Amino acid sequence: MNAEDPLLKILACPLDKGPLVLLEPDEVLLDEAAEADGAGEADGAEPAPAPEQSLYNPRLHRRYPIVDGIPQLLPSSGEQVTEDEHERLLKRTST
């Protein structure tokens with residue numbers, strides 16, 4: 001999925017029915033890496049697999065994964081993001 005994909009114009013958050021923002025994998029990786037730094041992982045731990053793209057609802061602070069190119073837009077598939085992560089995501093999406 002890319003930013004110009006017409007599907008993005010019709011996809012909506014399952015909770016508030018509003019538009020979603022496409023997040024590229026490197027944007028998600030940076031946020032998760034920042035969280036992992038504070039978590040204190042044990043030495044020798046396997047690195048987490050690179051996440052795929054995701055869709056983000058900035059109004060509700062919820063991120064929905066895109067798995068194998070398919071948006072997972074069930075309410076239970078979304079994950080709540082922290083306020084700090086929300087701020088970082090907003091800075092990246094407001095270009």
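This briefing describes the fold, strand pairing, core and selected residue environments of a single protein chain. The model is predicted, and the mean pLDDT of the protein chain is 80, with 72% of its residues reaching 70 or more. Over residues 45-50 the pLDDT falls below 50, and this stretch has one contact in the model beyond near neighbours in sequence. The secondary structure amounts to three helices and five strands, which follow one another along the sequence in the pattern α-β-α-β-β-β-β-α.

**Chain-level figures**

- The protein chain has 95 residues, of which 28% count as buried.
- The exposed area of the protein chain is about 6,100 Å², and carbon and sulfur atoms supply 56% of that area.
- When contacts between residues at least 6 apart in sequence are taken together, 54% of them join residues that are at least 24 apart.

**Strand pairing**

- Strand β1, which covers residues 21-23, runs antiparallel to β2 and is joined to it by three bridges; within this pairing, Val-21 has Tyr-56 of β2 as its bridge partner.
- Strand β2 (residues 54-57) also pairs with strand β3 (residues 62-67), in the antiparallel sense and over four bridges, and here the bridge partner of Tyr-56 is Arg-63 in β3.
- The hairpin of β2 and β3 has four residues between the strands, and His-61 in this hairpin takes a positive phi near 60 degrees.
- Strand β3 pairs in the antiparallel sense with strand β4 (residues 70-71) over two bridges, and Val-67 has Ile-70 in β4 as its bridge partner.
- The hairpin formed by β3 and β4 has two residues between the strands, and Asp-68 in its turn has a positive phi of about 50 degrees.
- Strand β3 is further paired with strand β5 (residues 79-80), again in the antiparallel sense and over two bridges, with Arg-62 standing opposite Gln-80 of β5.

**Side chains of β2 and the nonpolar core**

- In a regular strand the side chains alternate between the two faces of the sheet.
- In β2, Ser-54 and Tyr-56 point one way while Leu-55 and Asn-57 point the other way, and all of these residues are buried.
- The largest nonpolar core consists of eight residues, namely Leu-8, Leu-11, Cys-13, Leu-20, Leu-22, Leu-55, Tyr-64 and Ile-66.
- Ile-66, one of the residues of that core, is in contact with Met-1, Leu-22, Glu-52, Gln-53, Ser-54, Leu-55 and Pro-71, once its neighbours within four places in sequence are left aside.

**Surroundings of Glu-52 and Pro-25**

- Glu-52 is placed in the loop between α2 (25-39) and β2, and it counts as partly exposed because its relative accessible area of 39% falls between the limits of 20% and 50%.
- Not counting residues up to four places away in sequence, Glu-52 touches Pro-25, Ile-66, Val-67, Asp-68 and Gly-69.
- The side chain of Glu-52 reaches the backbone nitrogen of Asp-68 at 2.9 Å, and Asp-68 is the turn residue with positive phi in the hairpin of β3 and β4.
- Glu-52 and Val-67 are 15 residues apart along the chain, while their C-alpha atoms are separated by 6.6 Å.
- Pro-25 lies in helix α2 and is partly exposed, with a relative accessible area of 27%.
- Although Pro-25 and Glu-52 are 27 residues apart in sequence, the distance between them in space is 5.2 Å, C-alpha to C-alpha.

**Surroundings of His-86**

- His-86 belongs to helix α3, which spans residues 83-93, and it counts as buried because its relative accessible area of 5% is under the 20% limit.
- The side chains of His-86 and Tyr-56 are joined by a polar contact of 2.5 Å; Tyr-56 is also the β2 residue that serves as bridge partner of Val-21.
- With residues up to four places away in sequence not counted, His-86 touches Tyr-56, Pro-58, His-61 and Val-81, and among them His-61 is the residue with a positive phi near 60 degrees in the hairpin of β2 and β3.

Definitions and conventions:
Residues numbered from 1 in each chain as written. Heavy atoms only, no water. Core = buried A, V, L, I, M, F, W, Y, C linked by side-chain atoms within 4.5 Å. Buried < 20%, exposed > 50% of the residue type's maximum accessible area, 1.4 Å probe, protein only. Contact = heavy atoms within 4.5 Å. Areas by Shrake-Rupley, 256 points an atom, 1.4 Å probe, with all protein chains shown as cover. Pairing = 2+ DSSP bridges. Polar contact = N/O pair within 3.5 Å; in protein donor to acceptor, adjacent residues only side chain to side chain. pLDDT = per-residue confidence, 0-100.
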